[in-house]
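Please walk through the following model with the sequence and the coordinates side by side. The account moves from the cysteines to the sheet, then to the loops, the helices and the surface.

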Amino acid sequence: MVTDRDIVCKGLARDGFNLSRATARDVMTHDIHCCREDDDLAKALRHMEELKIRRLPVINKSKRMVGMLSLGDISHMAPSDLLTKTVKGVTAHH
C-alpha cells in the first residue's frame, strides 16, 4: 500500500531520492493490516490505535479489498470519546 504520507516521508523527504526512478516498492508500506467489512467500528479503531495507523484497508469474506477506513471517515460516526482516544494513540510518537 502506498499513501501520500509514504511518498513524502519515505521518498521526497529523503536526501538523494530520485522521483523519476522511484517505484511503488521504494515507498510502500509493508506488512499491511486490515479489518473485515463486518467488523465492529470500535474494534477497527482499537486496531488503528494499537498499530498507530491512520488508514485501514477493509476486506470482504473473499479477502478482496472493498474500501479504506480513515480517521477522517470515522470522525463523523464514532463516539467522540472513542475517536479522541484513537486519534491520541495514532498520533503519539512512534
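A search of the whole structure, which is a predicted model, finds zero disulfides. C35 is accordingly in no disulfide, and the nearest cysteine sulfur, that of C34, lies 6.9 Å away. Since a disulfide requires two cysteine sulfur atoms within 2.5 Å, the C34 sulfur at 6.9 Å does not qualify. C35 counts as buried because its relative accessibility is 6%, and the cut-off for that class is under 20%. C9 has a relative accessibility of 43% and therefore counts as partly exposed.

The residue C35 also leads into the sheet, as strand β1 covers residues 35–36. How are the three strands ordered in the open sheet? The order is β1-β2-β3, and the pairing is mixed. The edge strands are β1 and β3, each of which pairs on one side only. On one side of the arrangement, β1 and β2 run parallel and are joined by two bridges. Within this pairing, R36 has I59 of β2 as its bridge partner. The pairing of β2 with β3 is antiparallel and extends over five bridges. Here L56 stands opposite L69 of β3. In a regular strand, side chains alternate between the two faces of the sheet.

Why is strand β2 described as largely enclosed by the rest of the structure? The strand spans residues 55–59, and four of its five residues are buried, so the description follows from that count.

Strand β3 covers residues 65–70, and S70 belongs to it. S70 counts as buried because its relative accessibility is 17%, which falls under the 20% limit. Beyond its neighbours within four places in sequence, S70 is in contact with M48, R54 and R55. One of these, R55, falls within the residue range 55–59 of β2.

The hairpin of β2 and β3 has five residues between the strands, and K63 takes a positive phi near 65° in it. K63 is not a glycine, yet its phi is positive. Its place is in the loop between β2 and β3. Is K63 buried or exposed? K63 is exposed, because its relative accessible area is 63% and the class begins over 50%.

A second residue with this backbone feature is K52, which has a positive phi of about 55° although it is not a glycine. K52 lies in the loop between α3 and β2. With a relative accessible area of 26%, K52 is partly exposed.

Helix α3, on the other side of that loop, comprises residues 41–51 and includes E49. Is E49 buried or exposed? E49 is buried, because its relative accessible area is 17%, again under 20%. Which residues is E49 in contact with, leaving aside its neighbours within four places in sequence? They are K85, T86, G89 and V90.

The last stop is the surface. V2, I7, V8, L12 and L19 form a nonpolar patch there, with about 430 Å² of accessible area together. I7 lies in helix α1, which covers residues 4–12. I7 counts as partly exposed because its relative accessibility is 35%. That value also satisfies the requirement of over 30% for membership of a patch.

Notes:
Residues numbered from 1 in each chain as written. Predicted model: local features only at pLDDT ≥ 70, side-chain atom pairs only at ≥ 80, totals over all residues. Heavy atoms only, no water. Patch = residues over 30% accessible without salt bridge, like charges linked within 9 Å, V, L, I, M, F, W, Y side chains within 5 Å. Areas by Shrake-Rupley, 256 points an atom, 1.4 Å probe, with all protein chains shown as cover. Salt bridge = Lys/Arg side-chain N within 4 Å of Asp/Glu carboxyl O. Buried < 20%, exposed > 50% of the residue type's maximum accessible area, 1.4 Å probe, protein only. Contact = heavy atoms within 4.5 Å. Pairing = 2+ DSSP bridges.
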